[in-house]
Amino acid sequence: MDTRVELDEFNDDIDASTSTTSNPSLPADVVRQNSGSNPPKRRKKHYPCEVAFSKPVDYLLEPTDYMNFSKFPLDYIHREDNSFENGLFEPKFGGHQILEERDKSFHAENQPIHCGFVQGPPGFPTSGFLLDEKDREHMDTCKVVVSSCIFGSSDYLRRPSAKLFLLSISVSQISEFSKTNVCFVMFLDEETLLQLSSEGNTPDDRGYMGLWRIVVVKNLPYKDMRKTGKVPKLLAHRLFPSARYSIWIDSKMRLVADPMQIIEHFLWQTKSEFAISNHYDRHCVWDEVQQNKRLQKYNETVIDEQFNFYQSDGLTKFDPSDPYNLLPSCASLNVPEGSFIIRAHTPMSNLFSCLWFNEVDRFTSRDQISFGYTYLKLRRTNPDRPFYLNMFKAESSRYRQNGFQIIVKGFENRCSAKIGSGTGKWEPTHDVPLPVYRNFFE
């Protein structure tokens with residue numbers, strides 16, 4: 001059996017950026033520790049809670065009152081001119097956002113904001129992330145999307161699983177309804193497609209590999225493949241303009257649960273518009289910064305510049321006596337794991353995604369550093385516009401206790417908690433009543 005398949009089956013929590021070539025039989029955490037001077041350490045165990053999907057997919061309909069969130073027009077800056085003092089201009093995918101524009105963009109109001117895909121004046125080179133017209137036409141029709149990406153041939157293609165053999169029982173996971181109505185889109189660059197093809201993995205005549213619709217991206221906007229990967233990760237509402245919901249899974253994951261049940265569980269039941277897991281091991285931005293520097297995930301000078309900027313703009317360590325703490329920088333649910341995101345494409349959710357992407361574009365590709373700051377600034381800038389974020393606890397081991405439903409391999413859900421209207425109060429989701437549903441595919 002191919003070593004990569006073994007790693008996929010038994011070490012699904014391996015980070016895509018971690019090399020296992022020195023000893024592929026070792027778990028990822030041991031490989032990381034052996035690469036330095038410290039003795040090997042084992043990750044502490046986390047014990048997940050049950051995720052009970054309430055209804056079969058055929059009976060799931062969108063709640064009639066679900067989209068009762070903040071509403072305001074949101075427009076994007078599509079093109080910039082070349083009116084620079086020195087006369088030099090180079091188109092940038094994220095645009096040339098000045099600090100004044102950045103601060104203003106956090107206001108949830110009718111205004112055009114930077115949100116990627118910014119082009120220069122006519123006649124200038126494109127800023128990147130070019131897609132084939134047929135792919136764009138397909139993406140424009142999507143109402144519900146599951147997406148992922150591999151750039152720079154940095155990972156291996158993992159297909160959504162139609163069946164999962166759990167405890168020797170074959171369980172159907174992805175329904176025929178979702179196979180027909182949900183778009184599964186995998187973004188690749190030409191290098192990755194060539195590598196996959198050399199290994200015998202080629203799209204069929206319709207452009208599919210399994211359930212994945214393969215979309216090839218040309219002219220990547222960043223040299224940093226991780227930063228390029230944040231385009232489909234954070235800007236699904238720009239790539240799929242007609243979509244009402246999207247699910248993001250990192251390429252190190254394999255989806256083994258039905259997308260509609262995931263949306264119903266994490267968004268509809270909790271009446272949330274954005275759901276993401278907290279990190280299974282680190283919960284403090286200060287700890288996340290130090291870990292990124294210790295593992296040399298990014299240039300330390302740039303990390304320090306970003307973190308100092310955030311502290312100067314009000315990011316402080318958690319003070320339990322402060323009644324205005326919305327998402328404390330050292331609370332139990334702060335640093336996201338980030339490999340699994342569920343979104344309703346509401347105005348506040350789209351605005352938050354744009355703002356989060358802009359921080360990645362301006363600073364480092366380590367989006368876990370900028371998540372908490374972006375949420376805090378958005379909420380404090382708009383005290384009268386709630387942003388309903390469901391940040392749930394996560395577990396990274398392979399299987400759930402007692403054979404409970406697995407959502408994605410390498411990622412498992414624990415007990416849920418929801419952030420409501422910005423009061424800082426953690427609200428359990430299990431008391432939220434199930435609403436009446438209607439169908440939005442019609």
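**Figure 1. K377, with a relative accessibility of 17%, counts as buried.** Buried here means under 20% relative accessible area, exposed means over 50%, and partly exposed lies in between (1.4 Å probe, protein chains only); the areas themselves come from the Shrake-Rupley method. The model is predicted, so that local features need pLDDT of at least 70 and side-chain atom pairs count only at pLDDT 80 or more, while totals for chains, interfaces and linings use all residues. Residues are numbered from 1 along each chain as its sequence is written, and side-chain values use heavy atoms, with hydrogens and water left out. D103, the partner of K377 in this view, is partly exposed, with a relative accessible area of 38%. The two side chains, those of D103 and K377, meet in a salt bridge at 3.7 Å, N to O (a side-chain nitrogen of Lys or Arg within 4 Å of a carboxyl oxygen of Asp or Glu). This pair links distant parts of the chain, as D103 belongs to helix α3 and K377 to helix α13 (residues 367-381), 274 residues apart. Helices (H or I, at least four residues) and strands (E, at least two) are DSSP runs, numbered from the N terminus.

**Figure 2. R102 and E359 form a salt bridge between their side chains.** The separation is 3.0 Å, taken from N to O. Because R102 lies in helix α3 (residues 99-105) and E359 in helix α12, the pair ties together parts that are 257 residues apart in sequence. Both R102 and E359 are buried. The structure as a whole holds 10 salt bridges.

**Figure 3. K252 and E337 meet through their side chains in a salt bridge.** The pair is 3.8 Å apart, N to O. K252 sits in the loop between β10 (245-249) and β11 (254-255), whereas E337 is in strand β13 (residues 336-344), and the pair thereby links distant parts of the chain, 85 residues apart. K252 is buried at a relative accessible area of 11%, and E337 is likewise buried, with 11%. Elsewhere, salt bridges that share partners join R102, D103, D313, E359 and K377 into one network.

**Figure 4. The largest nonpolar core, shown with F129, F187 and F240.** A nonpolar core is a set of buried Ala, Val, Leu, Ile, Met, Phe, Trp, Tyr and Cys residues joined through side-chain atoms within 4.5 Å. This largest core has 46 residues, and the ones with the most contacts inside it are F129, F187 and F240. Helix α12 (residues 347-362) gives the most to this core, contributing eight residues. A second, separate core of 34 residues includes V144, V216, L255 and L267.

**Figure 5. F117 and K271, two residues other than glycine with a positive phi.** Most residues other than glycine have a negative phi. In F117, phi is about 60 degrees; this residue lies in the loop between β3 (111-113) and α4 and counts as buried at 13% relative accessibility. In K271, phi is about 50 degrees; K271 is placed in the loop between α9 (259-268) and β12 (274-278) and, at 35% relative accessibility, counts as partly exposed.

**Figure 6. Residues apart in sequence, paired by their C-alpha to C-alpha distances.** I247, in strand β10, is buried with a relative accessible area of 0%, and its C-alpha lies 4.7 Å from that of V146, with their positions 101 residues apart in sequence. V215, found in strand β9 (residues 212-217), is also buried, with a relative accessible area of 0%; V215 and M139 are 76 residues apart in sequence and 9.6 Å apart in space, C-alpha to C-alpha. T381, in helix α13, is partly exposed at a relative accessible area of 25%, and T381 and S105, 276 residues apart in sequence, are 10.0 Å apart in space by the C-alpha to C-alpha distance.

**Figure 7. A negative surface patch formed by D132, E133, E137 and D140.** Patch residues have over 30% relative accessible area and no salt bridge, with like charges joined within 9 Å; Asp and Glu count as negative, and the place of the charge is taken as CG of Asp or CD of Glu. Among the patch residues, E133 is found in helix α4 (residues 133-140).

Conventions:
Patch = residues over 30% accessible without salt bridge, like charges linked within 9 Å, V, L, I, M, F, W, Y side chains within 5 Å. Areas by Shrake-Rupley, 256 points an atom, 1.4 Å probe, with all protein chains shown as cover.
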